[in-house]
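Me: Please take a close look at the charged side chains in this model. I want to know which ones pair up, where they sit and how covered they are.

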Amino acid sequence: MSVISDFYKSLEKVDFLRDESEIEINSQYIGIIEEMEKTDLDQAVLLNREREALMFVKTAEEGLTPKMTGTGTDEGGNQIPIQWPDSNSFREEDYSNIEKRYKSTQNKYLKTEFGLFLFYSKRLKRNEDLLELLEVLQERCDILWDLSDSQEKNYNLLKYFASIKQLLNIASARRRAEITIASVYDKMLNKIYSRHLSWNINNFGLMRFIVDSTGLINERSKDILQMGLDLKVILDKNEQVIDAIAANDPWEIIPICSESDRLANKITDERYNWKNRIAYQYERLAENAPNYNNVAVTFIDKALRIYREIKSDADYERLSQKYQKQRTETSLSEISMAIPDEATERITGNINRLITDGGTADIIAVITQTPMLADVQTIRSMAVALEGTAPFMEMIPKYVQDKFGNTIESYVLEDEKKEFSFLQHYSNHFQLASQTLIQIIVESIKAGKLSANAVLEVLSKTWVGESSARRISGQDIPISHLKLIEPGIRNLFLETEKWLNGEEVLPDYILSTDSLTLKIEYLLREFCLKLGIVTFKQRPDKREQNIVMEKLFDDLLRDLKDDLEEDNYTFIRFVMSDKMGLNLRNKIAHGLVDNVEYGIESPFLVLSIILKLAHYNFENTPQV
């Protein structure tokens, strides 16, 4: 058809690599699809599948992932997961059409995106087709490299590294079976190596390049060494960079040192003490923290852990003295928020009155109810009231990244952007409330009005403390919910008390945080059982057989949304699983928390969740 032919010809002429490729290509496809829907619906469907093939998020780590995910409602009114694009909607004729487009197009962007889609869909199997994809990926990398400049936010470099990872991932899988593919792989490793060494250290706006490049070299260090290349010179280059930016923001220096330390460990190079440099940067952050507040204590805490790890006794002793002085002046918390002096005085006064006039039961009630945090409806109303005050910013999609730079959540649709706005406001209130909560807890322990025994005594009088039984293989086995969480609670208070008594300079919250965090899913499961909510789900496997599995954390919490108070549900979700929140459960369960990231805040927030769940009452508990 001439209309389709003209459309394809117009696409060939556009250099999508130099423009906003995703927005532009999506716009052009939508236009032709709407036109074809009036005359040829089958062709419109094929074009839409082409568009969706281009719109998939393609990463070396995860392959194809949808651009958007959420929940919808089926014809029966049940909530079901939805995603776009959805690979399950692709038919054989759709794949065949995309294969034709891959082979016919000469546009580097289109050929790359179609090729990656086919590769991750396991449709690109012939070595000659893979080689063609690798060659165009290599050209794409070179173009993006040439487009990079000294602007601080350089998206071409981000695309450059993403494309390199794609190339290396594909070539690595096939290079042993095809010498030409191995040649492309080695050639790209050489380019990565040489570009790192030739990088202009005065290009201060793009220090992120050194971090990402070193990370890439780390990932492929074994193959680079087998090529006979010396990786010590990479560390020499990084040393020059650190010297050049010594006065810069520590947050620029720490990632470079971290990646350099990882590489140094791999090649057993001890010339530069990278961990010591990281600790020093945390000291700088502590010294520059506003009013030397509790954020400073967090940075000192991180530095101390590193000094202890590398057995730098002199530095550990020196900083311990500073830490000892500082911890008597402020509560240890990882979240800080600037508030007016009069507000600080009012909060401190309220805390002092609670501890002086209140008893243990009053203090535990406050930890359970967290009244210092505004209710959800109030916070949502505030977010709505501020809508339209920054219209341009509200139009822009929002993305959440983890500490590794991975995008873990996106807010693109209008409803998603409103949810993002609410979570931003909730986060601000949560920060202040967390500081207040931790201060109450610390001061209460100091005053002898809060202890592990007191908390366990309260829990023993709730459903968590009731005797229970689990039916296993036809037998009722006695179990105790309380005994499962008791060790974590006792360790949490033990570490805190030793720290407050001066027995430890550095409290260790790793055990209590990990233990209590993972027990929340257990309590949610028991909560569901008491309400008669099934705790398993069916999942079809590749053979179309239904596999029964236990529901996961998010499933359980979602099932309880209507049974938990809105404030409690939001608090639990924010602490445990929301990407905009602390996301504790996912970070700990998937091994994403380093030892230096454990502080006093997380385990006590989880304790508050345990108390919130425990104080629900159940009558006529249904049997599941």
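Reply: Here is a walk through the salt bridges, followed by a patch of unpaired charge.

The model is predicted. Side chains of opposite charge can pair when their charged atoms come close. This structure holds 34 salt bridges. Three of the pairs are taken one by one below.

Start with Arg277 and Glu239. They form a salt bridge, and their closest N and O atoms are 2.6 Å apart. Arg277 belongs to helix α13 (residues 274–288), while Glu239 belongs to helix α11 (residues 232–244). The pair therefore ties together parts that are 38 residues apart in sequence. The two partners differ in cover. Arg277 is partly exposed, at 22% relative accessibility. Glu239 is buried, because its relative accessibility of 14% falls under the 20% limit.

Next come Arg262 and Glu259. Their side chains meet in a salt bridge of 3.0 Å, N to O. This pair stays within one element, helix α12 (residues 250–267). The two residues are three apart there, so about one helical turn separates them. Arg262 is partly exposed, with a relative accessibility of 35%. Glu259 is buried, at 18% relative accessible area.

The third pair is Glu550 with Arg525. Here the closest N and O atoms of the salt bridge are 3.2 Å apart. Glu550 lies in strand β10 (residues 546–550) and Arg525 in helix α23 (residues 510–531), so this bridge links a strand to a helix. The parts it ties together are 25 residues apart in sequence. In this pair the acid is partly exposed: Glu550 has a relative accessible area of 42%. Arg525 counts as buried, at 17% relative accessibility.

Some bridges also share partners. Arg49, Glu52, Arg91, Glu93 and Asp94 are joined in this way into one network.

Now the unpaired charge. Asp375, Glu565, Glu566 and Asp567 gather in a patch of negative charge on the surface. Patch members are residues without a salt bridge, so these four acids stand apart from the pairs above. Glu565 is a good one to look up. This residue is found in the loop between α24 (553–559) and α25 (566–576). Glu565 is exposed, because its relative accessible area of 52% is over the 50% limit.

Key
Residues are numbered from 1 along each chain as its sequence is written. This is a predicted model: local features need pLDDT of at least 70, side-chain atom pairs count only at pLDDT 80 or more; totals for chains, interfaces and linings use all residues. Side-chain values use heavy atoms; hydrogens and water are left out. Patches are made of residues with over 30% relative accessible area and no salt bridge: like charges are joined within 9 Å, nonpolar side chains (Val, Leu, Ile, Met, Phe, Trp, Tyr) within 5 Å. Accessible areas come from the Shrake-Rupley method with a 1.4 Å probe; for residues, only the protein chains shown count as cover. Lys and Arg count as positive and Asp and Glu as negative; His and the chain ends are not counted. The place of a charge is taken as NZ of Lys, CZ of Arg, CG of Asp or CD of Glu. Helices (H or I, at least four residues) and strands (E, at least two) are DSSP runs, numbered from the N terminus. Buried means under 20% relative accessible area, exposed over 50%, partly exposed in between (1.4 Å probe, protein chains only).
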